[in-house]
Amino acid sequence: MTENYDVIIIGSGAGGGTLAYDLADSGKRILLLERGDFLPRELENWDAKPVFVEGKYISKDAWFDRDGKQFQPQVHYFVGGATKLYGAALYRLRPQDFGEIKHADGISPAWPLSYDDFEPWYSKAEQLYHVHGNAGEDPTEGPHSEPYPWPAVSHEPRLQQISDDLAQGGYRPFHAPCGIMLNEADRPRSICIRCATCDGYPCMVHAKADADVVAVRPLLGRPNVTLLTGAEVTRLETDESGRTVTAVVVSRDGNREVYTGDIVAISAGAANSAKILLNSATGRHPNGLANGSDQVGRNYMFHNCKAVAALSKERNDTVFQKTLGINDFYFATKDYEYPMGNIQMVGKSNAEAMRGEQPQLTWFAPEWGLDDTAKHSVDFWLTTEDLPVPENRVTTDKDGNVHLTVTMTNNAEADHLYEELKKILNHTGMAAHHVFRKNFYMDMAIPLAGCAHQAGTCRFGTDPATSVLDTDCKAHELDNLYVVDTSFFPSIGAVNPALTAMANALRVGDHLRQRLA
Ligand SMILES: Cc1cc2nc3c(=O)[nH]c(=O)nc-3n(C[C@H](O)[C@H](O)[C@H](O)COP(=O)(O)OP(=O)(O)OC[C@H]3O[C@@H](n4cnc5c(N)ncnc54)[C@H](O)[C@@H]3O)c2cc1C
Ligand code: SF4
């Protein structure tokens with residue numbers, strides 16, 4: 001007979017890791033079940049070839065597309081989840097993102113809570129995840145009750161010049177919020193060394209504020225917290241009434257294990273959380289657990305993104321490039337009636353990662369080798385909001401495998417954003433015809449890369465007929481089941497999702513503390 005826990009948390013990423021951290025000092029007995037292991041610290045952490053070309057840290061999981069064709073999703077099963085590899089761009093959603101927004105392809109629905117409801121939790125999450133930023137610079141950002149805990153990461157000279165040129169051209173560039181443990185005032189004692197292998201790489205020196213380093217490791221050794229790695233949750237079982245989860249079934253080292261807890265919080269990532277619920281169908285829940293509304297797995301979102309490289313004759317010797325953001329096109333403008341989204345920087349190109357782009361690149365400067373080309377590129381990441389379409393969904397087959405059906409929305413907005421980027425680059429000496437789309441940051445083919453910003457498969461709301469979770473992120477149909485990863489998003493905005501998942505986990509943690517008191 002195994003011990004009964006007060007809370008079982010499934011998945012240790014942005015949502016689950018943060019919730020475990022938050023609940024740990026309540027003294028309640030917490031079991032954290034993580035499918036992966038700790039990501040090994042090794043030289044390959046900072047080597048583009050194993051990371052980008054060979055996909056060393058991408059799960060071997062097989063998912064299937066709408067045609068039943070198998071693909072390897074870009075998901076990362078480690079303690080800390082996707083945050084181990086993330087770019088740590090830790091943005092708040094804009095206040096308007098919590099309301100209804102009209103887009104080219106439809107409506108981005110309102111959240112049941114407002115920016116003001118989330119604001120205190122954003123502030124707490126920014127403290128926990130060491131966010132560096134300058135409040136007030138980004139014209140679209142909502143009010144902060146507390147300043148960022150760290151000053152913004154400074155621009156290196158090429159980026160400072162681009163920022164100055166853009167400001168000169170009438171735009172409002174800002175320092176991007178970033179969760180790295182860099183102390184620029186005391187570099188000798190700074191944990192972060194400000195290197196070029198951050199965005200998309202694991203941090204070898206554990207200076208990235210990821211959920212493993214910030215949330216889970218500090219709990220190791222606590223008597224009331226148990227972390228089990230290599231523990232893949234396969235299904236949840238309920239009592240006769242169907243209202244209470246009574247068992248969490250785990251596959252570990254090839255064995256079936258069963259754990260029990262008073263509260264169960266799923267945070268396995270938007271696709272995998274839906275997978276667990278759908279694979280937990282019973283007579284009481286024939287469409288899957290918590291799925292009387294038929295919403296589990298639906299409304300999958302992942303952002304309409306483009307990675308873009310701009311080449312100029314001028315060298316770009318920037319090491320840590322992810323310091324600049326541009327939100328002048330986040331909403332509709334006088335020239336275009338729909339929101340376009342966010343422009344930010346992506347990790348600096350290097351020759352190894354650019355290998356697959358060679359034909360396009362050599363067209364610009366045939367005499368250049370890949371090294372030269374990489375040294376001259378300035379690399380942007382464009383994010384447009386995609387919509388929660390019911391047909392964009394995760395389903396599972398009879399063997400429990402994930403099937404992902406996705407049709408991209410708001411392509412016209414994304415194309416407009418790309419055109420705006422080309423225009424603004426004219427202010428920076430990088431003429432429009434030197435800008436091209438690149439794929440090497442991550443494979444942009446849909447749905448493969450569609451997993452990095454996955455969200456929305458168990459949206460929260462006030463109406464059980466149209467949502468899976470209530471506003472505390474508890475399943476409407478169950479008394480002790482919560483979902484705390486990005487699944488709860490009713491819409492995704494056009495900024496990176498992790499800080500919202502972290503803030504929400506702290507918010508739900510507060511609710512659970514009161515419930516368990
Ligand atoms: C390359 C990359 C770059 C990114 N950059 C940024 C960025 O700069 N800013 C930003 O905001 N976001 C970024 N993201 C996205 C961000 O990492 C995610 O939005 C965030 O981690 C999602 O949190 P989550 O809790 O929903 O899922 P995750 O963090 O992925 O956590 C899910 C956890 O559940 C575990 N798990 C899965 N299935 C099971 C199971 N059956 N049983 C037990 N455990 C299970 C997984 O191993 C994982 O640890 C990036 C993502 C990637 C991949
Ligand atoms: S820039 Fe800092 S946080 Fe990022 S990988 Fe390098 S040392 Fe780690």
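**Asking for the reasons: a predicted model and its two ligands**

Visitor: What makes the link between the side chains of R189 and D186 a polar contact?

Guide: The distance: 2.8 Å joins the side chains of R189 and D186. The limit for the pair of N or O atoms is 3.5 Å, so the R189 and D186 pair qualifies. Keep in mind that this is a predicted model.

Visitor: Why is R189 called exposed?

Guide: Its relative accessible area is 69%. Exposed means over 50%, so R189 earns the word. You'll find R189 in the loop between β9 (178-179) and α5 (211-216). For a sense of the layout, its C-alpha atom is 44 Å from that of V248, with the two positions 59 residues apart along the chain.

Visitor: H206 sits in that β9 to α5 loop as well. Is H206 buried or exposed?

Guide: H206 comes out at 13% relative accessibility. Buried means under 20%, so H206 counts as buried. One more thing about H206: its phi is positive, about 55°, and it isn't a glycine.

Visitor: Where is A290, and what is its phi?

Guide: A290 is in the loop between α6 and β14. Its phi is positive too, about 65°, although A290 is not a glycine.

Visitor: And why does A290 count as buried?

Guide: A290 has 2% relative accessibility. The cut-off for buried is under 20%, so A290 meets it.

Visitor: How do you know that T323 is buried?

Guide: Its relative accessible area is 1%. That is under the 20% cut-off, so T323 is buried. T323 belongs to the loop between β14 (304-311) and β15 (324-326). Leaving out residues up to four places away in sequence, its neighbours by touch are V153, S154, H155, L159, F174, H175, A176, R194 and M345.

Visitor: Which side chain makes a polar contact with the side chain of T323?

Guide: That of H155, at 2.8 Å. The limit is 3.5 Å, so the T323 and H155 pair counts.

Visitor: Why is T229 called partly exposed?

Guide: T229 has 24% relative accessibility. Buried needs under 20% and exposed needs over 50%, so T229 falls in between. T229 is in the loop between β10 (225-228) and β11.

Visitor: Which residues does T229 touch, residues up to four places away in sequence aside?

Guide: E34, G36, D37, F38, V79 and R252. V79 is 150 residues away along the chain, yet the two C-alpha atoms are separated by 7.6 Å.

Visitor: On to ligand 1. What share of ligand 1 does the protein bury, and which backbone atoms lie by its nitrogen atoms?

Guide: For the nitrogens, a backbone N or O atom of A89 lies 2.9 Å from one of them, and such an atom of R35 lies 3.1 Å from a nitrogen of the ligand. There's also an oxygen atom of ligand 1 that is 3.5 Å from a polar backbone atom of P497. As for the cover, ligand 1 taken alone exposes 1000 Å², and the protein buries 96% of that.

Visitor: Which residues come nearest to ligand 1?

Guide: G15, E34, A89, V233 and A498, out of 37 around the ligand. By class, that shell has 19 nonpolar, 14 polar and 4 charged residues. α1 (14-24), β11 (231-238) and α6 (270-278) each supply at least two residues, and β11 gives the most, with 3.

Visitor: What makes α1 "mostly covered"?

Guide: The tally: 10 of its 11 residues are buried. Among them are G15, G16, G17 and T18.

Visitor: What does the shell around ligand 2 have, by class?

Guide: There are 10 nonpolar, 1 polar and 2 charged residues. Of the 13 residues around ligand 2, the ones that come nearest are C192, C195, T197, C198 and C203. Cys is classed as nonpolar, so C192, C195, C198 and C203 belong with the nonpolar residues.

Visitor: What pLDDT does the protein chain average?

Guide: The average is 92, and 92% of the residues score at least 70. Residues 439-447 are below 50, and that stretch has 30 contacts in the model beyond near neighbours in sequence.

How values were computed:
Residues numbered from 1 in each chain as written. Chains lettered and ligands numbered in written order. Predicted model: local features only at pLDDT ≥ 70, side-chain atom pairs only at ≥ 80, totals over all residues. Heavy atoms only, no water. Near = heavy atom within 4 Å. Polar contact = N/O pair within 3.5 Å; in protein donor to acceptor, adjacent residues only side chain to side chain. Areas by Shrake-Rupley, 256 points an atom, 1.4 Å probe, with all protein chains shown as cover. Helix = DSSP H or I, 4+ residues; strand = E, 2+ residues; numbered from the N terminus. pLDDT = per-residue confidence, 0-100. Contact = heavy atoms within 4.5 Å. Buried < 20%, exposed > 50% of the residue type's maximum accessible area, 1.4 Å probe, protein only.
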